[in-house]
Amino acid sequence: MPDESLPGPLVVGFDLDLTLIDTAPGFGAVLRALGAELGVDFPVADMTARLGPPLETLLAPYLDPEVVPAAGDRFRALYPDHAIAGVPVLPGAHEALAAVRRHGGRTVVVTGKFPENARLHLDHLDLDVDVLEGWVWGVGKADALVREGASVYVGDHVHDVEGALAAGATSVSVLSGGCTREELLAAGTHVVLDDLGQFPDWLAEHLLTTRLAALEADLRRRGSVLVAYSGGADSALLLAAAVRALGPGNVAAATGYSHSLPQSERGPALDFARSLGVQVLTPQTREMEREGYRANSGERCFFCKAELLDVLTPLAAERGLAHVATGTNADDAVAGFRPGIRAAAERGAITPLLDAGLTKEQVRAASRRWGLPTWDKPAAACLSSRIAYGVQVTPHALARVERAEEAVRDLLADAALRDLRVRDLGDRASVEVDVALLPLPPDVEAEVLAAVRVAGFGAAAVDPRGFRSGSLNERLGQP
């Protein structure tokens, strides 16, 4: 398969005729109309059985050579009135395009069809396509695929395979056209699917496999790493991947201990890291001594990450480890307000998960594939993330949040509680639990709020919107 060790943005190309749409009915209708004008009885069934070659190639056996160009032009002129309404979308086409979009990708249709007519099909059938390139055939499709950066091309014909291979893209073939599985494989296609309905699952597996390969290749090039390890799903996968790529002797894990790291997170994190055979460092971090951190503006995470990297970078150098790596993933980079990412980048930290294009969903899928206990671990942001911006961060404030969450989790232990946050709003607490548990039974809610008050809050309420990761960011810009 093509080398995708350095994946760029996802771009998937699709052929149109007999890949996304069933062109045969419309094509046949236009042939009959053209034949009536020219006095030619075209064998419509035979001509529509193996669509794919250029129109003039299909017409040539039935017309005098000098007539073919004009007949092709007339065919294209007749096409909008005879072919658009009667051509259906093929099963799975919308879902295939949506799968690309779901993975943050772009879609490109590269087709031999006359561009204006191809556009009419896309618009009529509401096919979500970013770029349309028409009137290209066989290896000629490669130029468009390369120009758009497509790493995958999906088609139904052996000549679609030629275009994909010439572009260095992964060739995916579907059996919705006239070519057989054997013909497509003989042409060199990488994958044959029965239909586009199988494409979303294939794409998910393909992306996970290629991105994990890219992660391994990246880590191998690094030589050695100190992983900034929180114990969450992202950094746990990164640590496991580093051990796989480099061996435990070239990897260490470092967890910054401070008031903002819950006590309940420390033991499981240590156990997992030690199970991989790596050295585990637990340096003290003193973000509380940074005025910007205590002040708790929207930049708080910048000061926290700056402190962590300022502590870990010299530790890595002392141990001869070439890089400090964080567990930032591809979703984090587009999640909006993430000043901590900026602080780490300014201090030279590397982001192998992000560089490989691995999303949060893929991190969990890979962790499950590898049998890591963190594959379904709920997100566990630091305790400071529970304190509303503008409310000063203090050891006392962090301790009462931790006490409150421990008490609520104990009370809801039998309720399949997964995600929980007790948000410190200064004069009161807001309790966020899984929305599926809401509304809480009145007696249970009363117990929960009483426990939060006992933990040190003067007042408390359950948020009726439920748990929302980063919900305090909604308050940025508010007084």
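**Exercise 1. Cysteines**

Task: Decide whether Cys304 is buried, partly exposed or exposed, and establish how far away the nearest cysteine sulfur is.

Solution: In this predicted model, Cys304 has a relative accessible area of 21%. Because buried means under 20% and exposed means over 50%, Cys304 falls in between and counts as partly exposed. The second step looks for a bonding partner: the nearest cysteine sulfur belongs to Cys382 and lies 5.3 Å away, whereas a disulfide would require the two sulfur atoms to be within 2.5 Å. Cys304 is therefore in no disulfide, and a search of the whole structure likewise finds zero disulfides. Another cysteine, Cys179, has a relative accessibility of 5% and is counted as buried.

**Exercise 2. Confidence**

Task: State the mean pLDDT of the protein, and find what the model has in the way of contacts for residues 1-6.

Solution: The mean pLDDT is 93, and 97% of the residues reach 70 or more. Over residues 1-6, by contrast, pLDDT stays under 50, and for this stretch the model has 15 contacts beyond four places in sequence.

**Exercise 3. The sheet of four strands**

Task: Give the strand order of the open sheet of four strands, explain why one side of each edge strand is left without a neighbour, and identify the helix that packs on the sheet.

Solution: The order is β9-β8-β7-β10, and the pairing is parallel. Reading the order from its ends, one finds β9 (279-281) and β10 (323-325) at the edges; each of them has a single partner strand, so one side of each has no neighbour in the sheet. From one strand to the next the twist averages 25°. Within the sheet, β7 (residues 225-228) and β8 (residues 251-254) run parallel and are joined by four bridges, and in this pair Ala228 stands opposite Ala254 of β8. The helix is α14 (residues 300-318), which touches β7, β8, β9 and β10 and whose direction makes about 155° with that of β7.

**Exercise 4. The sheet of six strands**

Task: Carry out the corresponding analysis for the open sheet of six strands, naming its edge strands and the strands touched by helix α5.

Solution: Here the order is β3-β2-β1-β4-β5-β6, with parallel pairing. The edges are formed by β3 (131-133) and β6 (191-193), each of which pairs on one side only. If direction is ignored, neighbouring strands are turned by 20° against each other on average. Four bridges connect β4 (residues 152-155) with β5 (residues 170-174) in the parallel sense, and Val154 stands opposite Val172 in β5. Helix α5 (residues 93-102) packs on this sheet by touching β1 (11-14) and β2 (106-110), and its direction makes about 140° with that of β2.

**Exercise 5. Backbone exceptions**

Task: Most residues other than glycine have a negative phi, and most peptide bonds are trans. Locate the cis peptide bond between Leu438 and Pro439, and determine whether Asn296 is buried or exposed and whether Ala416 is buried or exposed.

Solution: The bond joining Leu438 and Pro439 has an omega of about -5° and is cis; Pro439 lies in the loop between β12 (429-433) and α19 (442-454). Turning to phi, Asn296 has a positive value of about 60° although it is not a glycine. Asn296 is placed in the loop between α13 (291-295) and α14, and with 0% relative accessibility Asn296 is buried. Ala416 also has a positive phi, near 60°, and belongs to the loop between α18 (395-411) and β11 (420-424); at 65% relative accessibility, Ala416 is exposed.

**Exercise 6. Asp434 and helix α18**

Task: Establish which residues Asp434 contacts beyond its neighbours within four places in sequence, and then what the buried residues of α18 pack against.

Solution: Asp434 is found in the loop between β12 and α19 and, at 13% relative accessibility, counts as buried. Its contacts beyond those sequence neighbours are Ala416, Leu417, Arg418, Asp419 and Phe467. For Ala416, 18 residues apart from Asp434 along the chain, the separation of the two C-alpha atoms is 9.1 Å.

Helix α18 has 17 residues and reaches 25 Å from its first C-alpha to its last, close to the expected 24 Å. Its buried residues, among them Ala397, Leu398, Arg400 and Glu402, pack against α12 (263-275), β11 and α19.

How values were computed
Residues are numbered from 1 along each chain as its sequence is written. This is a predicted model: local features need pLDDT of at least 70, side-chain atom pairs count only at pLDDT 80 or more; totals for chains, interfaces and linings use all residues. Side-chain values use heavy atoms; hydrogens and water are left out. Two strands pair if DSSP finds at least two bridges between them. Helices (H or I, at least four residues) and strands (E, at least two) are DSSP runs, numbered from the N terminus. Axes are lines fitted to C-alpha atoms, for helices over the stretch in contact, and angles run from 0 to 180 degrees between N-to-C directions. Contact means heavy atoms within 4.5 Å. pLDDT is the predictor's confidence in each residue, from 0 to 100. Buried means under 20% relative accessible area, exposed over 50%, partly exposed in between (1.4 Å probe, protein chains only). The expected span of a helix is 1.5 Å times one less than its number of residues.
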